[in-house]
Amino acid sequence: MRIQVDKDRCMGAGMCALTVPGVFTQDDDGLSEVLPGREDGAGEPLVHEAVRACPVQAITVEET
Ligand code: SF4
């Protein structure tokens with residue numbers, strides 16, 4: 001899989017980083033970003049839960 005965060009959409013609610021801290025983090029502005037090297041989801045089963053939890057649908061997961 002390939003995970004991307006649309007920072008233009010992200011409102012910094014932090015649900016993704018709370019749900020999957022091994023994949024998502026927040027930058028200095030509080031916006032979400034994928035940790036370096038974790039764009040493949042790192043085998044985390046909760047990635048799809050983070051997608052659902054995002055209130056502004058800023059996270060996309062492309063199955064590869
Ligand atoms: S849950 Fe959505 S809005 Fe909140 S930090 Fe993550 S990507 Fe941004």
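Trainee: How many helices and strands does the secondary structure of the chain come to?

Mentor: Good place to start, and keep in mind that this is a predicted model. From the N terminus on, the elements run β-α-β-β-α-β. Counted by type, the chain comes to two helices and four strands.

Trainee: Which radius of gyration does the chain have, and does it agree or disagree with a compact globule?

Mentor: Let's begin with the box: along the principal axes, the C-alpha atoms fill roughly 30 × 20 × 20 Å. A compact globule of 64 residues would have a radius of gyration near 11 Å, so the chain agrees with that rule at 10 Å.

Trainee: Among contacts between residues at least 6 apart in sequence, what percentage join residues at least 24 apart?

Mentor: One pair gives you a feel for such separations: Ala50 and Leu18 are 32 residues apart along the chain, with their C-alpha atoms separated by 8.6 Å. For the contacts you ask about, the share that joins residues at least 24 apart is 58%.

Trainee: Is Ala50 buried or exposed?

Mentor: Happy to walk through that one. Ala50 is found in helix α2, which covers residues 47-53. Leaving out residues up to four places away in sequence, Ala50 touches Met15, Cys16, Thr19, Val20, Phe24 and Ile59. Because 23 other C-beta atoms lie within 10 Å and the cut-off is 20 or more, Ala50 is buried.

Trainee: Which residues make up the largest nonpolar core?

Mentor: Nonpolar side chains tend to be buried together in soluble globular proteins. Here 22% of the 64 residues count as buried. Val47, one of the core residues, touches Ile3, Val20, Val23, Gly41 and Val61, not counting residues up to four places away in sequence. The full set of twelve is Ile3, Cys10, Cys16, Val20, Val23, Phe24, Val34, Val47, Ala50, Cys54, Ala58 and Ile59.

Trainee: Which residues come nearest to the ligand?

Mentor: Nice one to check on the structure. The shell around the ligand divides into eleven nonpolar residues, three polar and no charged. Cys10, Cys16 and Cys54 also belong to the largest nonpolar core. Of the 14 residues around the ligand, those that come nearest are Cys10, Ala13, Cys16, Ser32 and Cys54.

Trainee: By how many Å are the C-alpha atoms of Leu31 and Cys10 separated?

Mentor: Leu31 sits in the loop between β2 (24-26) and β3 (32-34). With 17 other C-beta atoms within 10 Å, Leu31 is partly exposed. Not counting residues up to four places away in sequence, Leu31 touches Lys7, Cys10, Gly12 and Gln26. Leu31 and Cys10 are 21 residues apart along the chain, and their C-alpha atoms are separated by 6.1 Å.

Trainee: What is the phi of Ala42 near?

Mentor: Most residues other than glycine have a negative phi. Ala42 lies in the loop between β3 and α2, and with 15 C-beta neighbours inside 10 Å it counts as partly exposed. Its phi is a positive value in a residue other than glycine, near 50°.

Trainee: Is Gln57 buried or exposed?

Mentor: Gln57 lies in the loop between α2 and β4 (59-62). The phi of Gln57 is positive, near 50°, in a residue other than glycine. Because 10 other C-beta atoms lie within 10 Å and the cut-off is 12 or fewer, Gln57 is exposed.

Methods. Residues are numbered from 1 along each chain as its sequence is written. This is a predicted model: local features need pLDDT of at least 70, side-chain atom pairs count only at pLDDT 80 or more; totals for chains, interfaces and linings use all residues. A residue is near a molecule or strand if its C-beta atom, placed from the backbone, lies within 6 Å of it. Ala, Val, Leu, Ile, Met, Phe, Trp, Tyr, Cys and Pro count as nonpolar, Asp, Glu, Lys and Arg as charged, and the others, Gly among them, as polar. A nonpolar core is a set of buried Ala, Val, Leu, Ile, Met, Phe, Trp, Tyr and Cys residues joined through C-beta atoms within 7 Å. Two residues are in contact if their C-beta atoms, placed from the backbone, lie within 7 Å. The radius of gyration is taken over C-alpha atoms; the globule rule is 2.2 Å times the number of residues to the power 0.38.
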